[in-house]
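Let's take a short walk through this protein model. Have the sequence and the 3D view ready as you read.

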Amino acid sequence: MTVCLLLLSAVALTAAVPVPRALTRATWPEREPVVALWVWQCLVATVLLCCLTALALAAAAVFGTVRAQLFAPAPPAVTAAYDLSSGSPWAAALTVLLACGAAWTTAMLARQLVEARRRHAQARAHLRERAPDLPAGLPGARGPLLVLEDEYPDAWWMPGSPPQLIVTTGALHRLTDHQLDAVLTHERGHARARHDWLLHLSTALATGFPRIPLFAHFCDQTHRLVELAADDTASRRCGHLTTALALIELNQHRGVLSCASSHRLLGERVDRLLEPPPRLGRRHRALTTAVAALVPLLPVLITFAPGLTALA
């Protein structure tokens with residue numbers, strides 16, 4: 001068991017510290033934001049699986065009831081292969097630490113979901129006050145579309161079932177038909193990919209564990225990459241130039257081209273759309289996706305290695 005726990009710790013530390021820092025310095029995520037989001041999710045899944053399997057092994061070494069439940073269907077040779085008694089002096093402290101981490105993670109996720117539901121309820125109530133008599137959809141729109149009277153151009157989507165697309169009259173007056181189509185396609189890209197769930201997860205982990213580089217970078221990069229992915233969805237349908245012009249017109253009053261940190265992402269998105277970076281080849285994307293998908297299997301293989309060896 002000691003060897004398994006050491007290997008799980010090594011994999012978790014590698015995925016939590018050096019790999020995220022190297023990934024943030026890479027340039028290819030800007031070209032392939034969807035693949036990059038998948039890689040980040042696989043890294044997070046790897047760390048969580050390492051902690052979960054380590055908790056299971058440590059608890060089995062400390063508590064006979066847990067050991068009996070986990071290894072009930074296994075032959076005696078498999079239980080002996082894990083040598084659960086060897087880690088008893090320090091397994092109790094590890095079990096308490098990992099159990100506290102699991103409870104804290106669950107609490108952070110639950111709090112994030114509760115707060116998100118509360119914000120969505122307040123936003124929907126505010127929309128009903130501002131536009132109580134407007135229709136839920138407009139002709140030619142894909143999905144529900146709500147128009148609000150507002151001089152400032154804006155468009156956003158509200159998660160739900162179904163997702164609600166909202167656009168202001170200022171955007172309708174300022175944008176051309178093609179630019180408006182690009183904006184709405186961008187927002188539908190968020191809705192179809194369910195980016196809200198990914199944002200909730202990354203925010204909860206970063207809030208609960210701010211000192212872990214993986215979770216901090218995961219939150220920052222997720223907020224950035226979901227916008228790039230939605231931009232790509234819009235540009236494939238409406239063109240890069242149309243999407244860039246729509247982004248400028250929609251955010252001009254916010255200082256889209258300023259160097260302020262709060263607006264820097266907008267400027268980067270415009271530059272990226274005006275000068276699209278070369279995309280990865282299809283084989284390279286497939287290879288990156290496959291390798292990332294295999295990484296979360298490492299904790300599972302490490303955990304089951306002694307049992308498989310005993311059965312061989």
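## A valine in strand 1

Look for V147, which sits in strand 1. Keep in mind that the model you're looking at is predicted. Is V147 buried or exposed? Its relative accessibility is 17%, and buried means under 20%, so V147 counts as buried.

Now find G170, which is 23 residues away from V147 along the chain. The C-alpha atoms of V147 and G170 are 9.8 Å apart.

## The sheet around it

Strand 1 belongs to a sheet, so let's see how that sheet is put together. It's an open sheet of three strands in the order 1-3-2, and the pairing is mixed. Strand 1 (145–148) and strand 2 (155–158) are the edge strands, each pairing on one side only. On average, neighbouring strands here are turned by 25° against each other, ignoring direction.

What holds strands together in general? Strands of a sheet pair through backbone hydrogen bonds, either parallel or antiparallel. Here, strand 2 and strand 3 (residues 164–168) take the antiparallel option, with four bridges between them. You can spot A155 standing opposite V167 of strand 3.

## A threonine in helix 15

Next, jump to T303 in helix 15, which covers residues 297–311. With a relative accessibility of just 9%, T303 counts as buried too.

Which residues does T303 touch, leaving out those up to four places away in sequence? They are L8, T53, L57 and Y82. With T53 there's also a polar contact: the side chains of T303 and T53 meet at 3.5 Å.

Note on methods:
Residues numbered from 1 in each chain as written. Predicted model: local features only at pLDDT ≥ 70, side-chain atom pairs only at ≥ 80, totals over all residues. Heavy atoms only, no water. Helix = DSSP H or I, 4+ residues; strand = E, 2+ residues; numbered from the N terminus. Buried < 20%, exposed > 50% of the residue type's maximum accessible area, 1.4 Å probe, protein only. Polar contact = N/O pair within 3.5 Å; in protein donor to acceptor, adjacent residues only side chain to side chain. Contact = heavy atoms within 4.5 Å. Pairing = 2+ DSSP bridges. Axes fitted to C-alpha atoms, helices over the stretch in contact; angles between N-to-C directions.
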